[in-house]
Amino acid sequence: MRIEYLAWRIFYSLLAFVISVTLSFVLLHAMPGDYLHVILPHLAEKNPLATELFREQFGLDKSLFEQYVLYVLNVLQGNWGYSIQYGLPVTEVILEKLSWTAVILLPATLLSIFIGVLIGSYSGWTSGSLGDSFIFKIMIFLGAVPSYWWAIFLILVLGFYLDLFPLGGYMSITALDEGMKLHDVLYHAALPIVALTLTTVPGVYYLMRNSMLMIVGQDYILAARSKGLSEIEILLRHALKNAMLPMITLFAMELAHVIMGSIFIETIFSWPGMGFLTFEALRVRDLPLLQGIFLMDTLIIILANIAADFSYPLIDPRAKVGEIG
Amino acid sequence: MASLILLAIYIGIAAFGPCLAPYASSEIAGSPLEEPGRLHLLGTNDLGQDIFSNLLCGARATLVLGFLGALLSVLTALTFGTISAYYGGRTDEIISRIVDIMMTLPGFPLLIVLVVFLPSSIFIMAAIMGLLGGLQGIRIIRSQVLSISRAEYIYGTRALGASDHYIMSRHILPGILPLAAVTFINAAQRFMLMGVGLGFLGLGDPNVVDWGQMISRAYSNGGFALGLWWWLLPPGLAVVLLSMTLALIGYGLEEEIEPRLKNINNSKWFTNGYARNN
């Protein structure tokens, strides 16, 4: 069971990856507009030779099939091409931006899981109470407000009117003289982190509340209660541990998806992460970079999926691999 | 109940907005950046266009995007989910595997790329969102149909000689309609937010006014830095209010049919990860 499941899992992942490679290649090559016309409109008109040279330089003059084969070979060898816009290897650009995304993504995910688990378990444990329905309504509200609106709202109120936080960017202008300072970066990261947290908390909350609701009615909770344990003790020692299980999958998925989901927040805050990079790459039609971003995203989601699957039985011995999917 | 009335108002605006609006959406109706006043209820933008009129006209694009996308996605989910679960066997295997693989692809980037690649029109945008979103719905519908089609009365009907088509449309479909309704409302809310988001990113249809483009315009042309709240707030508040309305209706429906949805709730939150952040 274990081996077979593992094999299938890897096979599907590979298949998905190949499909995404092909898809990204086809789509991105059929996209209207090319880099030269966006960035150097006059050069392309006045000097056809420059256009020729440019095409030759980047291999755009070969047939599509040739380009595809070359692309696949290169991807497998870890060479994801050169970004036209940056003139650097795509992987290098992406990895740099990825680390900036991580600066806001990790704290936001941890924070939203912490808050979501806390109020979600309270809400599920006391379901039907006044507090529960109050929190539930607030969460509907939070979930209904789109992330870009949170970002704009936070900048407008805390950044513009109250002048407490910077309007965007990732470090102050003084960093040019004094170098990068940790507290300066954190100061700039605060609002994006809050905005990301606000948009991810409702999801965590619902999952936690549902999972708690299912556990409240279980026999072992009744048993614990009849032993005379206090409510808090039952909640912490018996209910919470089991209700936390779906959090693993959620955590992995959250990390994987939010990389793209933060596109609005990063764009609005001018935070130099993956989302902002995607937005920029789209604007100037930087095909190799876009392909790289798309591939990296697929890769991250596949890995997160597998990791979540295989961490399950480590945490809950009852769940053998393949039985919970 | 209140949310239903609100939704009705929204739909009314979307239908008759252009007639109600005092100015045409692209008409230069006054001097740029006028404050709200008698002539322009919500002021004017940097081109001198009337924001109140734009708001009314923009409702149509945003609502069309949300509801058309949702309709398509529910239809996709219903069709393939029902076929997959009802026939089982190889059909089920093939459809499930395709869904499995497609789910591994990052949805939102795929959406962005597709929207850029295809000619920008709200109908095409709605179609793409609907098809991509429908993939997730297939699983939810499938599991529900699976449990229904194992019921005794389905066996009974079959024993009476009813055709597959008859069973599916007369006995299975009514059973999953409540679930489909909830899926529809949730999807409408999601796609509407997504559509506004795409407009905000500058990927919207340039021929129609929508709220996302209004926010984007106000945001990037200095509505912020000058503190021109009447330029930025109206489209944003309109989006938030509509989104809340749909969310409340969704939850209301869900509570109404709670016992059937209980075990599906969880999977819902697993599967719509990518959309949640918009």
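## Exercises on a two-chain helical model

Trp150(A) and Phe153(A) sit three residues apart, about one turn, in helix H8 (residues 147–161) of chain A; helices here are DSSP runs (H or I, at least four residues; strands are E, at least two) numbered from the N terminus. The model is predicted, with local features requiring pLDDT of at least 70 and side-chain atom pairs pLDDT 80 or more, while totals for chains, interfaces and linings use all residues. Residues are numbered from 1 along each chain as its sequence is written, chains are lettered from A in the order in which they are written, and side-chain values use heavy atoms, without hydrogens and water.

**Exercise 1.** Classify the aromatic pair of Trp150(A) and Phe153(A), and state how far each residue is buried or exposed.

*Solution.* Step 1: apply the ring criterion, under which rings of Phe, Tyr and Trp (its six-membered ring) pair if their centres lie within 6.5 Å, with planes under 30 degrees apart stacked, over 60 edge-to-face and the rest tilted. Step 2: a search of the whole structure finds eight aromatic pairs over all chains. Trp150(A) and Phe153(A) form an edge-to-face pair, at 6.4 Å centre to centre and 70° between the planes. Step 3: the accessibility classes are buried (under 20% relative accessible area), exposed (over 50%) and partly exposed in between, with a 1.4 Å probe and protein chains only. Trp150(A) is therefore buried, at 10%, whereas Phe153(A), at 39%, is partly exposed.

**Exercise 2.** Describe the surroundings of Asp132(A).

*Solution.* Step 1: Asp132(A) belongs to helix H7 (residues 130–144) of chain A. Step 2: its relative accessible area is 3%, so Asp132(A) is buried. Step 3: contact means heavy atoms within 4.5 Å. Beyond its neighbours within four places in sequence, Asp132(A) is in contact with Ser123(A), Thr126(A), Ser127(A), Tyr205(A) and Arg209(A). Step 4: a polar contact is a pair of N or O atoms within 3.5 Å, where within protein one must be able to donate a hydrogen and the other to accept it, and residues adjacent in sequence count only if both atoms are side-chain atoms. The side chains of Asp132(A) and Arg209(A) make such a contact at 3.0 Å. Step 5: Tyr205(A) also takes part in an aromatic cluster with Phe136(A) and Tyr206(A).

**Exercise 3.** Which residues of chain B does Ala144(A) touch?

*Solution.* Step 1: Ala144(A) is placed in helix H7 of chain A. Step 2: Ala144(A) counts as buried because its relative accessibility is 0%. Step 3: not counting residues up to four places away in sequence, Ala144(A) touches Gln189(B), Leu193(B), Ser243(B), Met244(B) and Ala247(B).

**Exercise 4.** Where does helix H12 of chain A bend, and by about how much?

*Solution.* Step 1: H12 (residues 231–243) has 13 residues, and its end C-alpha atoms are 16 Å apart, short of the 18 Å of a straight helix. The expected span is 1.5 Å times one less than the number of residues. Step 2: the bend, an angle between axes fitted to the seven residues ending at a residue and the seven starting there, is about 30° at Arg237(A). Step 3: the buried residues in H12(A) include Ile234(A), Leu235(A) and Leu240(A).

**Exercise 5.** State the helix and strand counts and the buried percentages of both chains.

*Solution.* Step 1: chain A has 16 helices and zero strands; chain B has 12 helices and zero strands. Step 2: buried residues make up 49% of the 325 residues in chain A and 56% of the 278 residues in chain B.
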